[in-house]
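Hi,

Here is the structure I promised to pass on. Have a look at it first, and then read my notes underneath.

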Number of protein chains: 2
Amino acid sequence: MMRSLLVTVAALALSACATTVAEPVAPQVAADVPPSLPAGERAAPDGMRWLYASGEAAGASIQTWRQLADYAIAVSRQRKVPQSVPMGLPDVQGGIGTPSCVAADGTMKPFAAVFDVDETVLLNNGYEYWAAYSGKPFVPEEWAQWADGGAGIAAPVPGAVTGLRRLREAGITVIFNTNRNSENAAGTAAAIEAVGAGPAVHLDNLFLRGDDAMGSRKDGRRATIAERFCVIALAGDNLGDFADVFNADEDAIQARRAMVARGEYAQLWGNGWFLMPNPVYGAWQKGSLDEVFPPETRWMPSDASTAPNIMNESE
Amino acid sequence: MMRSLLVTVAALALSACATTVAEPVAPQVAADVPPSLPAGERAAPDGMRWLYASGEAAGASIQTWRQLADYAIAVSRQRKVPQSVPMGLPDVQGGIGTPSCVAADGTMKPFAAVFDVDETVLLNNGYEYWAAYSGKPFVPEEWAQWADGGAGIAAPVPGAVTGLRRLREAGITVIFNTNRNSENAAGTAAAIEAVGAGPAVHLDNLFLRGDDAMGSRKDGRRATIAERFCVIALAGDNLGDFADVFNADEDAIQARRAMVARGEYAQLWGNGWFLMPNPVYGAWQKGSLDEVFPPETRWMPSDASTAPNIMNESE
């Protein structure tokens, strides 16, 4: 029963992060656990402990926002026309696009940096508290309520407000490209502005899922932004915030990881692309032990046969 | 029964990361689950999926290693004597030390960068696979076996090998300061060298728990290193890799997070201090929902009373 419960939870986790659903949020606790402790006194899931409450996560995001602002400001001050970061639509199959910073009339486009919102600029602390507290799977109607009404509860990612202020002071336009739904545009703008990360104006510097026909895939929105702007930095917590090609096959776990560490992409991390760690939910939230740990990484101690799982399997 | 099981797992998680125990590793699966699936086919814990198998984690560590190497190389080329990063022992209560880059005889000390090992330079993929596969709690003898024999299985953190090579090419000494035990010095050096991150020589550029009387606290080892070197960068996955003061009260969850984001410390992230994200284990692995989510962050949807946990509580 416990086993089937864990399988159910895993299945819910997988279904909640499919790319056709809004970005968050897989619950990390079992749905039908009879609570003998009040919900608030139960152990929080480790991912939430790390992301929403650890000093480690705060240090990591402060350092990455600093890196991003330092990088973009330095590029904006170069005495030459920079190369835009890739902003698909891909020009070749599997490519990530090669936009230009020079407009058709030969003038220079204005500089911009493009940001995902959830767990990049805003922490969805309130919604994730509810997900863990209630033990419910992802419910689109609840997420919509949070997206509409979370302003003033959602906290900024540490470092984001300072980083965005530095960019704007340097004359770099801040653009948000999120998979929150366009129906929740007003609440999303309000939440961004409530933490001091605004302004955010729908279809001006705020783009959402539903603004085009590509669903949660962001390459089309990126291409639209790149028509008007010279985009020198992208930031997000999901590989889809950089290029759709990474999420073309979310089940190819090892291939997906190998792809980002390959030469052409590897050289972009910290150099135009900036990843904010989010171990709570995402397209990476897949895989059995055998899929996560390829054969050459598996290790057992010399007395492995005394482990309870192995004893059970040999019975 | 399920509830008491979860409590047991939570208790094991807490005990495994106490500072008096070697750094890893709290298991994220229940110990006495009767396996109906072969262990390898069970869902991997989310933290392991993110850290060991996601492209997101690879991008994050590549970017941080790049940031670190860029920073340290730039500082080493400044035409002035730099300020060392803080390298306790603290000179005042709660402080983090103010070492000097100038030796007693007025000469400049050689540049160094100091690194934690586990989940900073090396991924403990083999041991964590075993922890999840077996479902056993942290067993010090098993960890010692892994620390002695993991060379060739442990993978490098993405970006680490390139980053360390860049530092050494720039004339910056690479020093490892780990809470692996000094009895496992040979195996630890072998694992570092097997991924191409060496050399690592005990008591020369490799310092371990047991090298002094301070246990897992690293301030003493940091002070020893700072006597000989001008340390311009520190990197690790745990706040204790930067200053012991952060882990003085691991139970003060919100205070610990607030402390790193305060002015004097906040300005060091990405600017001498570099944090590698590790959501699998660490001193942050504590806290109930109420401790992780302070009152002002808690949110519920309008129909919250229909949630199973809340219905149970009102019965």
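Below is what I found, going from the overall arrangement to the interface and then to one spot on the surface.

Before anything else, keep in mind that this is a predicted model.

Let's start with how the two chains are arranged. Chain B lands on chain A after a rotation of 180° with 0.0 Å of shift along the axis, and the RMSD is 0.0 Å. The two copies are thus related as by a two-fold rotation axis. Both copies also use the same surface: 99% of the contact residues of chain B recur in chain A.

Now the interface itself. On the chain B side 103 residues are in contact, and they meet 102 residues of chain A. Putting the chains together buries about 8900 Å², with carbon and sulfur atoms giving 62% of that area. As for charged pairs, the rule finds two salt bridges across the interface of chain B and chain A. If you want a pair to pull up in your viewer, try B:Glu56 and A:Arg256: their side chains meet in a salt bridge, at 2.8 Å from N to O.

Finally, a spot on the surface. A:Val81, A:Val102 and A:Met108 make a nonpolar surface patch of about 230 Å². Of these, A:Val81 sits in the loop between helix 3 (55-77) and strand 1 (111-115) of chain A. Is A:Val81 exposed, partly exposed or buried? A:Val81 counts as partly exposed, because its relative accessible area is 48%, and exposed would take over 50%.

Cheers

Conventions:
Residues numbered from 1 in each chain as written. Chains lettered and ligands numbered in written order. Predicted model: local features only at pLDDT ≥ 70, side-chain atom pairs only at ≥ 80, totals over all residues. Heavy atoms only, no water. Least-squares fit on C-alpha atoms with pLDDT ≥ 70 in both. Contact = heavy atoms within 4.5 Å. Patch = residues over 30% accessible without salt bridge, like charges linked within 9 Å, V, L, I, M, F, W, Y side chains within 5 Å. Areas by Shrake-Rupley, 256 points an atom, 1.4 Å probe, with all protein chains shown as cover. Salt bridge = Lys/Arg side-chain N within 4 Å of Asp/Glu carboxyl O. Helix = DSSP H or I, 4+ residues; strand = E, 2+ residues; numbered from the N terminus. Buried < 20%, exposed > 50% of the residue type's maximum accessible area, 1.4 Å probe, protein only. Buried area = accessible area lost by both parts, 1.4 Å probe.
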